[in-house]
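Please open the model in your viewer and display the cartoon together with the side chains. The tour below proceeds stop by stop, stating what to select and what is found there.

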Amino acid sequence: MTTDGRTGRRRGWLRRAVDGVVTTMVRRGTGPRATVLLTVAGRTSGEPRTTPVTLVEHDGSRWLVAPYGPVGWVRNVRASRVVELRRGRHVERLVADEVDPTTGAPVLRRYLQEVAVVRRVLDVSPGDPVEAFVPLVATHPVFRLRPA
């Protein structure tokens, strides 16, 4: 089921269509610069699940941020920790480590600065001090990526 993590409702046809177009573009190696396809084993089925995500770089590391909360891919990453990132023909196998709120706050802030479309779902602005982001990491998980 495709649901919106904030409301638990099914995503609308327009959102599903946009995700489909972005997925096709990223599979071909085009599309938004920081967008990749995240594939992770389903936590109950074990079947691979793929979704487009936007990575952020901060302090020399790459990060996954869950702007819509603990949606399906987040729960799958927590269960598996091993992920595959794909953009065009380039594929990487990585480990995703969930970080504590103090570590994740500056990353979440950076994400909000770079990905304008998610600003409407967070009760902070990109210019707010990093301390304002600390409590949000509990509901918007942040993962540091490292080689598998």
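How many aromatic pairs does the count come to by the rule applied here? The count comes to one aromatic pair, where rings of Phe, Tyr and Trp (its six-membered ring) pair if their centres lie within 6.5 Å, planes under 30 degrees apart being stacked, those over 60 edge-to-face and the rest tilted. Select W73 and F143, whose rings form a tilted pair, 6.3 Å centre to centre with 50 degrees between the planes. Because W73 belongs to helix α2 and F143 to strand β6, the pair ties together parts that are 70 residues apart in sequence. Both W73 and F143 are buried; buried means under 20% relative accessible area, exposed over 50%, and partly exposed in between (1.4 Å probe, protein chains only).

Before continuing, note that this is a predicted model, in which local features need pLDDT of at least 70 and side-chain atom pairs count only at pLDDT 80 or more, while totals for chains, interfaces and linings use all residues. Residues are numbered from 1 along each chain as its sequence is written, and side-chain values use heavy atoms, with hydrogens and water left out.

**The barrel**

Next, colour the strands. Helices (H or I, at least four residues) and strands (E, at least two) are DSSP runs, numbered from the N terminus. Six strands form a closed barrel in the order β1-β2-β3-β6-β5-β4, with antiparallel pairing. The twist from one strand to the next averages 45 degrees. Two strands pair if DSSP finds at least two bridges between them. Select β3 (residues 61-65) and β6 (residues 142-147): these antiparallel strands are joined by four bridges. Within this pairing, V65 has V142 of β6 as its bridge partner.

**The helices across the strands**

Now add helix α1 (residues 13-27), which lies across β1 (35-41), β2 (48-58) and β4 (82-87) and runs at about 100 degrees to β1. Axes are lines fitted to C-alpha atoms, for helices over the stretch in contact, and angles run from 0 to 180 degrees between N-to-C directions. Contact means heavy atoms within 4.5 Å. Helix α2 lies across β1, β2, β3, β4, β5 (90-98) and β6, at about 55 degrees to β1. In α2 (residues 72-80), select G72, which is partly exposed at a relative accessible area of 28%. The C-alpha atoms of G72 and R43 are 9.1 Å apart, with their positions 29 residues apart along the chain.

**The salt bridges**

Finally, show the charged side chains. Six salt bridges are found in the whole structure, each being a side-chain nitrogen of Lys or Arg within 4 Å of a carboxyl oxygen of Asp or Glu. Select D97 and R81, which meet in one of them (2.2 Å, N to O). D97 lies in β5 and R81 in the loop between α2 and β4, so this pair ties together parts 16 residues apart in sequence. D97 also forms a salt bridge with R146, the closest N and O atoms being 2.5 Å apart. Since R146 is in β6 and D97 in β5, this second pair ties together parts 49 residues apart in sequence. D97 is buried at 18% relative accessible area, whereas R146 is partly exposed at 36%.

For the last stop, select R110 and E114, a salt bridge with closest N and O atoms 2.8 Å apart. These residues, four apart in helix α3 (residues 101-114), are separated by about one helical turn. Then return to R81, D97 and R146, which shared salt-bridge partners join into one network.
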